[in-house]
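Visitor: Before we start, I'd like to go through how the labels get assigned.
Guide: Happy to; let's bring up the model.

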Amino acid sequence: MNLPAKYPPISPKTPFFLHGGDYNPDQWMPEVYPGVWEEDMRLMKLAGCNEASVGIFSWASIEPEEGRFEFGWLDKIMDMLAKNGAFAVLATPSGARPAWMSQKYPEVLRVEGNRQRNLHGKRHNHCFSSPVYREKVRIINTKLAERYKDHPALIVWHVSNEYNGDCHCDYCQKAFRGWLRKRYGNDIEKLNQAWWTGFWAHRFNDFDQVESPSPIGEDLLHGHNLDWKRFVTDQTIDFFRAEIEPLKRITPKVPVTTNLMGVFEGLDYWKLAKELDVVSWDHYPPYQDQEDMWKFAIGASFQHDLNRSFKDGQPFMQMEMTPSMTNWMPVSKLKRPGTLLTEAMQSVAHGADTIQYFQWRKSRGSSEKFHGAVVDHSGHENTRVFREVAEVGAVLKKLSPVIGTTVRPEVGIIFDWENRWAIEDSKGPRNEGREYVGTVLDHYRPFWVQGVPVDVLSEDSDFSRYKLVIAPMLYMVRAGVGERLEKFVAEGGVLVTTYLSGVVNETDLCYLGGFPGPLRKVMGVWAEEIDAPFKEQRVKVESAPGNDAGLNGTYEGRSLVDLLHAEGAKVLATFGSEFYAGRPAVTVNSFGKGRAYYVASRHDAKFHGDFFGHLIKQMGLKRVLETTLPEGVTAQVRGDGKREYVFLLNFKRTAAKVDLGGRKYKDMISGQEVGGVVELGGYGNRVLERTV
Ligand code: GAL
């Protein structure tokens with residue numbers, strides 16, 4: 001697969017898998033719960049755990065009163081970890097703050113869009129512009145870095161926790177206006193043009209008139225909403241940079257991360273992830289033994305690929321997952337036996353170099369007392385969950401050679417946050433069921449089903465490394481992107497895009513002169529109108545006889561339908577019903593050395609299976625295994641150019657067989673040589689090594 005040499009391990013101290021998770025010893029202080037910490041160390045060893053993420057919400061324990069710091073308990077924990085051969089992913093505590101701070105400095109409290117200031121409570125509710133909050137964070141982060149800079153247990157900084165949300169206080173308004181001034185070169189006319197403020201007398205005379213979007217004020221200028229979201233990402237990054245300044249200064253060699261949340265909508269992770277030394281993310285797939293659980297596994301794999309793609313293939317940390325159940329899904333059904341190991345192997349298969357849980361010891365009170373944990377309220381190791389975690393630990397020990405390996409897919413799929421924001425904020429052509437995320441997953445699915453590795457891209461990614469780039473619903477095409485996609489195709493790439501593409505520019509102004517705007521030339525089509533059939537309506541799609549796109553018979557289009565004119569593109573299928581019967585439904589345009597496909601309506605899995613299945617074959621895209629995988633099973637690979645590690649993952653409750661063909665493999669867990677047909681148990685997995 002043309003794999004690069006290995007990435008270095010996350011820390012030179014740990015050239016093996018980290019296995020552990022969120023640990024809150026300050027909920028179990030020895031004065032009240034004597035012996036618990038010692039017991040934790042004993043149990044960690046038993047569970048094959050070598051890592052603890054400490055201090056995540058510990059501000060009140062570290063600084064119980066303003067300026068009075070109590071590091072004694074943390075010193076002890078850090079020492080105990082080191083003594084037991086374990087490592088600390090040490091957190092900055094800014095994800096939640098002590099009550100004294102909110103009481104004395106109300107400016108640290110977040111203000112909502114309705115301009116109401118929150119009361120103290122919960123977590124993740126600080127103002128990211130407040131000078132007081134930034135100063136308090138700077139002080140405590142400096143103290144943490146100075147105190148533990150040489151501690152043998154310290155390996156990674158876990159900065160805050162799951163950054164999210166925005167604040168609309170006066171500090172943030174001022175920062176937003178400053179951000180806009182910069183973006184529009186201090187020229188309010190540029191902003192007026194970009195936001196189309198001629199509409200409803202929304203013109204501004206001055207930047208000082210601009211406020212953040214609000215349900216009690218302005219929230220219908222799409223360019224404004226988009227810029228606010230961009231600002232929130234940038235201001236979060238600005239806060240992050242302020243947070244890590246002392247860490248980088250005092251401990252320049254210790255990598256920093258903050259835990260991301262998959263496809264979380266609120267922050268442009270393409271930007272935030274670039275700031276991290278190592279990407280980490282929290283993953284809670286709904287693996288609850290549903291009949292079609294394997295379909296959720298597709299979304300999970302996509303998010304793993306996304307996290308690996310953020311830093312161009314660099315392995316990531318699985319910072320959180322639950323050993324058994326969550327407490328926040330509508331129903332907290334237990335994972336069935338064996339699921340945990342396959343879930344962990346799925347993370348590893350796509351690039352995780354750690355397996356960490358939320359949480360180590362189940363808390364006794366408060367809202368997470370029923371959330372799954374390695375150590376339950378019973379307090380001992382004789383539980384099913386503990387045994388399953390210990391099994392993961394034992395397996396990970398055998399997988400050290402996998403550390404630092406990666407994959408170089410030939411296929412890239414665009415998942416772009418700004419595009420998503422624009423689609424989700426648009427009024428029409430349909431206001432329900434726009435499904436950008438779901439549509440991207442529909443396009444990812446055929447590759448998962450066939451075991452073809454995929455990278456996830458933004459509009460700003462370098463496309464030249466891929467053979468096939470898929471850009472579902474590329475509604476917003478930012479300046480230069482059309483040209484870059486044109487170049488990609490002209491040089492021999494294959495591009496697939498769909499309905500609702502090339503509609504607006506980066507400030508959400510529609511392209512004039514015909515859609516798909518900057519993609520019109522490379523696609524060879526003009527989309528004159530877009531129809532939005534009712535939810536249950538289907539539009540017939542008829543394959544052109546002898547088409548060379550794997551399309552066979554009829555399909556059903558739905559949701560969004562572009563009414564196309566072919567302008568040089570060849571028609572591969574046409575609509576067979578509605579007043580637009582006979583109009584192109586799927587087209588291909590030869591352009592330079594490559595070609596570009598336009599799919600004019602939304603389709604189901606059958607269409608995607610036929611269409612992409614054919615492309616995989618026709619383009620000779622490399623599959624992990626040249627075999628048909630059973631339903632619910634995927635094959636993923638990591639390697640270093642010499643050795644490859646093939647992960648077979650079964651997300652169905654029934655056993656499945658996979659044909660490895662004539663090639664010989666080593667089973668990484670049993671150490672035995674295998675070949676021919678191998679069996680995977682229900683929710684089972686195999687990790688197999690082969691030479692390239
Ligand atoms: C995460 C969070 C953890 C814990 C977990 C529960 O989002 O970072 O602190 O609350 O959810 O699933």
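**Ligand shell and domain contacts**

Guide: This is a predicted model. The shell around the ligand is made up of 4 nonpolar, 2 polar and 5 charged residues.

Visitor: Which residues surround the ligand?
Guide: Phe57, Arg123, Asn161, Glu162, Asp282, Tyr284, Glu320, Trp328, Phe358, Glu368 and His371 do. The cut-off for being listed is a heavy atom within 4 Å of the ligand.

Visitor: What makes the approach of arginine 123 to the ligand a polar contact?
Guide: An N or O atom in the side chain of arginine 123 is 2.9 Å from a ligand oxygen. The limit for a pair of N or O atoms is 3.5 Å, so the pair qualifies.

Visitor: And how do you know that tryptophan 328 and glutamate 368 belong with it?
Guide: Same test. For tryptophan 328, a polar side-chain atom lies 2.7 Å from an oxygen of the ligand. For glutamate 368, the distance from a side-chain N or O atom to a ligand oxygen is 2.3 Å. Both values are within 3.5 Å, so both are polar contacts. As for burial, the ligand taken alone exposes 310 Å², and the protein buries 93% of that.

Visitor: On to the domains: how do you know that domain 2 and domain 3 touch, with 34 Å between their centres?
Guide: The 34 Å is taken between centres over C-alpha atoms, while contact asks for heavy atoms within 4.5 Å. By that rule 4 residues of domain 2 meet 6 residues of domain 3, so the two are in contact.

Visitor: Which residues supply most of what domain 2 buries there?
Guide: Trp448, Gly451 and Pro453 supply 87% of the area that domain 2 buries against domain 3. Between them, the two domains bury about 390 Å², with 56% of it on carbon and sulfur atoms.

Visitor: How many salt bridges cross that interface?
Guide: The rule finds 0. The side of domain 2 touching domain 3 has 3 nonpolar, 1 polar and no charged residues. A salt bridge needs Lys or Arg with Asp or Glu, and those four count as charged, so domain 2 has no partner to offer there.

Key. Residues numbered from 1 in each chain as written. Predicted model: local features only at pLDDT ≥ 70, side-chain atom pairs only at ≥ 80, totals over all residues. Heavy atoms only, no water. Domains from an automatic or database assignment. Buried area = accessible area lost by both parts, 1.4 Å probe. Salt bridge = Lys/Arg side-chain N within 4 Å of Asp/Glu carboxyl O. Polar contact = N/O pair within 3.5 Å; in protein donor to acceptor, adjacent residues only side chain to side chain. Areas by Shrake-Rupley, 256 points an atom, 1.4 Å probe, with all protein chains shown as cover.
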